[in-house]
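Me: Could you take a close look at one part of this model for me, the open sheet and the salt bridges around it? I would like the cut-offs spelled out as you go.

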Amino acid sequence: IVAHVALGWSAIVAAVSLEAVRRSLSRARPSPVIHAPHPRVLVVRPCAGDEPGLAENLASLSRAPRSFDLRVRIAVADRSDAAWSVAERAAEALRAEGLDAEVVLTAARGPNRKVSQIHEVLASEGASFEVLHVADSDLDLGSTDLDPLIAPLTGASPRAAVWAPPAEHGAAETAGDRASIALLGASLHAFPLLAGLDRRGLVGKLFAVRRDVLDALGGFGALADRLGEDMELARLILARGGAIEDAPLVARSMATGRSMEQVVARFARWLMVIRAQRPWLLPSYPLLFFATPLIVTLALIGAPGSPQIALVAALLASLSRLGVALAAARASGRTASLRVAAVEALRGDLLLARAFARALGSRRFSWRGTALTIERGGRLRERA
């Protein structure tokens with residue numbers, strides 16, 4: 001019975017994996033056209049701390065291909081933040097390239113600092129924009145065509161929001177870097193694959209949203225008490241009948257230099273968001289996203305009674321997982337040999353399993369030096 005359960009489980013995971021790969025192969029779409037007149041686009045890049053490559057990432061926007069004009073606002077909490085001087089230099093470099101770029105001191109204090117920073121920038125900009133375009137500070141946008149993020153927001157049937165699946169392309173300097181790259185670039189959780197499976201999602205690393213949509217939802221500040229502000233934004237948009245689209249491009253994160261503890265904590269926070277805001281998806285993580293080690297273990301347990309069935313289950317699970325690793329690397333703009341894909345498959349599954357266990361064990365965590373608790377429904381509360 002155990003071996004047959006393992007076989008059935010592996011068949012389901014293989015079928016889902018095959019469908020995810022099929023959908024990822026069809027993500028490429030014709031280059032969209034921005035309908036005239038071009039919307040007024042405000043790009044906000046929230047910053048906190050002098051992370052590796054920050055100056056280069058912020059300045060890379062000047063090289064991003066696009067057919068529209070934009071304004072750039074780099075958000076920093078205050079002058080004591082290590083990002084302040086770097087942001088000033090980056091804004092100067094952007095102005096030298098002819099862009100309207102400024103650094104905004106936000107004095108952000110909300111539980112979700114990123115949301116608070118964006119909210120303060122929007123408050124200072126008034127009615128000067130029609131589309132908000134958010135790009136995290138670790139993104140290199142130099143080769144990212146921005147038109148696919150803006151074009152679907154225009155025309156007769158505009159989308160409410162558009163997002164780009166992120167992938168990590170930074171230097172793998174630490175064990176934490178390698179584990180994070182494996183999870184986000186060689187697993188079913190790689191966002192270029194996950195975008196095809198979860199049509200209701202939105203990842204907030206690189207996205208654009210219409211201002212009228214935000215106004216109807218109560219403004220960006222309405223998300224300030226949520227850890228998963230992007231997930232909440234998607235929920236509110238869909239609840240009002242709006243449409244969300246993923247752009248046929250990859251947002252290149254250059255994050256590097258992270259410890260294993262930092263990486264585990266990061267993905268544990270993500271799973272806390274799932275637990276609090278989309279709890280029905282939580283079982284899918286052991287059942288789908290790090291299922292292979294569990295299926296192989298189950299097959300080994302059932303092997304004495306049904307060795308052939310157990311072997312087929314273990315092989316099917318392992319081969320489909322290897323195929324996902326190869327396809328995810330390709331979809332993320334990376335290349336991986338069979339050996340590298342096999343190593344990354346195991347590395348990514350073990351990382352996700354560790355993060356899952358931590359997310360189940362507590363609702364408390366520390367984020368950028370602030371002690372927080374995520375309550376039921378996903379609301380954040382600062383701890384004294």
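Reply: Happy to help; here is a walk through the sheet, the helices on it and the charged pairs.

A word on conventions first. This is a predicted model, in which local features need pLDDT of at least 70 and side-chain atom pairs count only at pLDDT 80 or more, while totals for chains, interfaces and linings use all residues. Residues are numbered from 1 along each chain as its sequence is written, and side-chain values use heavy atoms, with hydrogens and water left out.

Let's start with the sheet. Its seven strands form an open sheet in the order E3-E2-E1-E4-E7-E5-E8, and the pairing is mixed. Helices (H or I, at least four residues) and strands (E, at least two) are DSSP runs numbered from the N terminus, and two strands pair if DSSP finds at least two bridges between them. At the edges sit strand E3 (100-105) and strand E8 (244-246), each pairing on one side only. On average, neighbouring strands of the sheet are turned by 20° against each other, direction ignored; axes here are lines fitted to C-alpha atoms, for helices over the stretch in contact, and angles run from 0 to 180 degrees between N-to-C directions.

Elsewhere in the sheet, strand E1 (residues 41-46) and strand E4 (residues 131-135) run parallel and are joined by four bridges. Leu-42 stands opposite Leu-132 in E4.

Two helices are worth a look here. Helix H4 (residues 113-125) packs on the sheet and touches E1, E2, E3 and E4, with its direction at about 145° to that of E1. Helix H3 (residues 83-96) lies across strand E2 (70-76) and E3, running at about 165° to E3.

In the loop between E4 and H5 you will find Ser-137. Ser-137 counts as buried at 6% relative accessibility; buried means under 20% relative accessible area, exposed over 50%, and partly exposed in between (1.4 Å probe, protein chains only). Leaving aside neighbours within four places in sequence, Ser-137 is in contact (heavy atoms within 4.5 Å) with residues including Arg-45, Pro-46 and Glu-51. The side chains of Ser-137 and Glu-51 are also joined by a polar contact of 2.6 Å. That term means a pair of N or O atoms within 3.5 Å; within protein, one must be able to donate a hydrogen and the other to accept it, and residues adjacent in sequence count only if both atoms are side-chain atoms.

Now for the charges. Side chains of opposite charge can pair when their charged atoms come close. The structure holds 29 salt bridges, each a side-chain nitrogen of Lys or Arg within 4 Å of a carboxyl oxygen of Asp or Glu. One of them links Arg-159 and Glu-245, with the closest N and O atoms 3.1 Å apart. Arg-159 lies in the loop between helix H5 (147-150) and strand E5 (161-163) and Glu-245 in strand E8, so the pair ties together parts that are 86 residues apart in sequence. Arg-159 is partly exposed, at 30% relative accessible area, whereas Glu-245 is buried at 18%.

Strand E8 takes part in another such link: Asp-246 and Arg-199 meet in a salt bridge of 3.7 Å, N to O. Because Asp-246 lies in E8 and Arg-199 in the loop between helix H7 (191-197) and strand E7 (206-210), this pair ties together parts 47 residues apart in sequence. Asp-246 is buried at 9%, while Arg-199 counts as exposed at 53%.

Finally, Arg-71, Arg-73, Asp-100, Glu-102 and Glu-125 are linked in a network of salt bridges.
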